[in-house]
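User: I would like to go through the terms used for this structure one by one, and to see in each case how the value stands against the definition.

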Amino acid sequence: MNTFVGGHNYFDRGQTYTTNPEWASMLYTPDQGIVSIMTLKKKYSAMINPINPDFQAHMLNVLKEVTSKYPELDGFMLDRVRYDGIMADFSDLSKNKFEEYIGEKIETFPTDIYEWKTDADGKNNYVRGKHFLKWIEWRTKNIYDFMALARQTVKEINPNISFGTYTGAWYPSYFEVGVNWASNQYDPSKDFDWATPDYKNFGYAELIDLYTTGNYYTNVTMAEYRKNNNIVINETDSKGARGTWYCVEGSCEKISEIMNGHPFLGGILVDQFYENRSQLSRTIAMNLQASDGLMVFDIVHIIRKNLWKEVEEGFRMAQDENMFKNENRE
C-alpha cells in the first residue's frame with residue numbers, strides 16, 4: 001500500500017486534487033518559501049502530511065476494510081509511511097502540534113527549525129535552527145505512532161496477519177523523512193549528531209513482522225566501495241554522502257547491528273544494472289548471503305529486459321560461502 005500518498009503530480013490526479021487538497025504536505029522550499037507539494041511538479045507523488053487526522057482515519061479505515069473483507073490475506077506491506085523529505089511538513093497544523101510537543105511557542109517559523117542558505121557553489125543547504133533536533137525527534141514520533149496504530153488496527157481483526165513495511169536502507173539520512181526503522185534498543189544519538197537521546201524510543205523494528213529495505217547500491221562489497229569511493233544520493237536525500245553504509249555488504253552488516261536481531265530482506269533496484277548485468281547477479285547473491293532474504297524492485301524490469309539468466313546466476317552464487325571472501329581480503 002502506497003500509504004502517505006494522495007495524488008500524482010504529473011497527472012493532477014488523486015484525492016488531493018479532487019476532494020481533499022488540505023491533506024497535501026506543505027513544503028518549506030529554498031526558493032519559494034512554504035508551498036503545497038502539488039505545486040512542485042518535479043515531485044511525482046503528492047505526499048500527505050502524516051499527522052492530518054482526517055487522512056489517518058481514512059487510511060486506518062482502508063486497513064480495516066481490507067483485513068475484514070479478505071480473512072485469508074497473508075499480510076500487508078506498507079510503503080511510503082514517511083514524510084516527503086526534509087522540507088515536509090510546514091503546515092499550520094504541524095507548527096501548532098510541534099509547539100504542543102515542546103511546550104512553547106516558536107518565535108520565528110520556519111527558520112527556528114532550519115534556514116536555507118546558498119553556498120559558494122550556488123547550492124542550497126539547510127542550516128539547523130534552535131528547534132531542529134526536537135523537530136526531527138517529533139516527526140519520527142509521529143511516524144512511530146501511526147505505525148503502532150496501524151499494527152493494532154489490523155491485528156485486532158486478524159491477529160495472524162503479517163504487518164510489514166518497506167523503507168530505504170540509507171539510515172544515516174533517513175531521519176530526513178521522519179522514520180526510525182531500527183530497534184528501540186539501538187541508540188543512534190551515540191553515532192549521529194541529528195539524533196536526540198530520546199530518538200531511540202521511536203525505533204519501530206519491534207512493531208514489524210516483515211521488513212524489506214532498499215539496498216539500492218551499484219557497489220556490492222565494501223572493497224568495491226572503498227575502491228570507487230563515490231558519493232551516493234538516494235531518492236529521499238537532500239544531499240549526497242560517502243561511506244560503507246552505501247554498498248550492499250556494508251548496508252547489510254550495519255542494518256543487522258541496528259535491527260538488534262530482527263530479520264530484514266535486502267532489496268535490489270533492477271534498473272540500476274541494465275548496462276552491467278553481471279553486477280545484478282552479484283547484488284542478488286550478496287543480499288541473499290548477508291540479509292534474511294531478497295526483495296526485487298521490481299519484476300517488470302526482469303521480464304522486459306529478459307534478466308532471468310542473471311537472476312538464476314545470482315541464486316547459484318549465493319550458495320558459495322566463499323564468493324566474496326577473497327575479494328574483501330584484497
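User: What makes strand β7 and strand β8 a pair, and in which sense do they run?

Analyst: Strands here are DSSP runs of E of at least two residues, helices are runs of H or I of at least four, and both are numbered from the N terminus. Two strands pair if DSSP finds at least two bridges between them; β7 (residues 114-118) and β8 (residues 124-128) are joined by 5 bridges in the antiparallel sense, so the criterion of at least two is met. Within this pairing, Glu-115 has Val-127 of β8 as its bridge partner. The two strands form a hairpin with 5 residues between them, and Gly-122 in the turn has a positive phi of about 85°.

Before going on, note that this is a predicted model, in which local features need pLDDT of at least 70 and side-chain atom pairs count only at pLDDT 80 or more, while totals for chains, interfaces and linings use all residues. Residues are numbered from 1 along each chain as its sequence is written, and side-chain values use heavy atoms, with hydrogens and water left out.

User: Why do β2 and β5 count as edge strands?

Analyst: The open sheet of 3 strands has the order β2-β1-β5 with antiparallel pairing. β2 (13-14) and β5 (45-47) each have a single partner strand, so one side of each is left without a neighbour in the sheet. Strand β1 (residues 5-8) is joined to β2 by 2 bridges in the antiparallel sense, and His-8 has Arg-13 of β2 as its bridge partner.

User: What are the partners of β10, and in which sense does β10 pair with them?

Analyst: Strand β9 (residues 162-168) runs parallel to β10, with 5 bridges between them, and Thr-167 stands opposite Thr-213. Strand β11 (residues 265-269) also pairs with β10 in the parallel sense, over 3 bridges, with Gly-267 as the bridge partner of Gly-214.

User: How do you know whether Thr-221 is buried or exposed?

Analyst: Buried means under 20% relative accessible area, exposed over 50%, and partly exposed in between, with a 1.4 Å probe and protein chains only. Thr-221, in the loop between β10 (210-214) and α5 (222-228), has 0% relative accessibility and therefore counts as buried. A polar atom of the Thr-221 side chain lies 3.0 Å from the backbone nitrogen of Glu-224. As for β10, 4 of its 5 residues are buried.

User: Arg-80 and Asn-260 both have a positive phi; which class of exposure does each fall into, and why?

Analyst: Phi is near 55° in Arg-80, a residue other than glycine, and also near 55° in Asn-260. Arg-80, in the loop between β6 and α3, is buried because its relative accessible area is 13%. Asn-260, in the loop between α6 (248-258) and β11, has a value of 46% and is therefore partly exposed.

User: Why is the pair of Trp-116 and Tyr-126 called edge-to-face?

Analyst: Rings of Phe, Tyr and Trp (its six-membered ring) pair if their centres lie within 6.5 Å; planes under 30 degrees apart count as stacked, over 60 as edge-to-face and the rest as tilted. The search of the whole structure finds 33 aromatic pairs. In the pair of Trp-116 and Tyr-126 the centres are 6.2 Å apart and the planes stand at 90°, so the pair is edge-to-face. Trp-116 lies in strand β7 and Tyr-126 in strand β8, 10 residues apart, and each of the two is buried.

User: What makes the pair of Tyr-171 and Phe-192 tilted?

Analyst: Tyr-171 and Phe-192 have 6.1 Å from centre to centre and 55° between the planes, and that angle belongs to neither the stacked nor the edge-to-face class, so the pair is tilted. Both residues lie in the loop between β9 and β10, so the pair ties together parts that are 21 residues apart in sequence. Tyr-171 and Phe-192 are both buried.

User: Where are the cis peptide bonds from Phe-109 and Phe-297?

Analyst: The bond from Phe-109 to Pro-110 is cis, with omega near 10°, and Pro-110 is found in the loop between α3 (92-102) and β7. The bond joining Phe-297 and Asp-298 is also cis, with omega about -10°, and Asp-298 is placed in the loop between β12 and α8 (299-304).

Terms used. A polar contact is a pair of N or O atoms within 3.5 Å; within protein, one must be able to donate a hydrogen and the other to accept it, and residues adjacent in sequence count only if both atoms are side-chain atoms.
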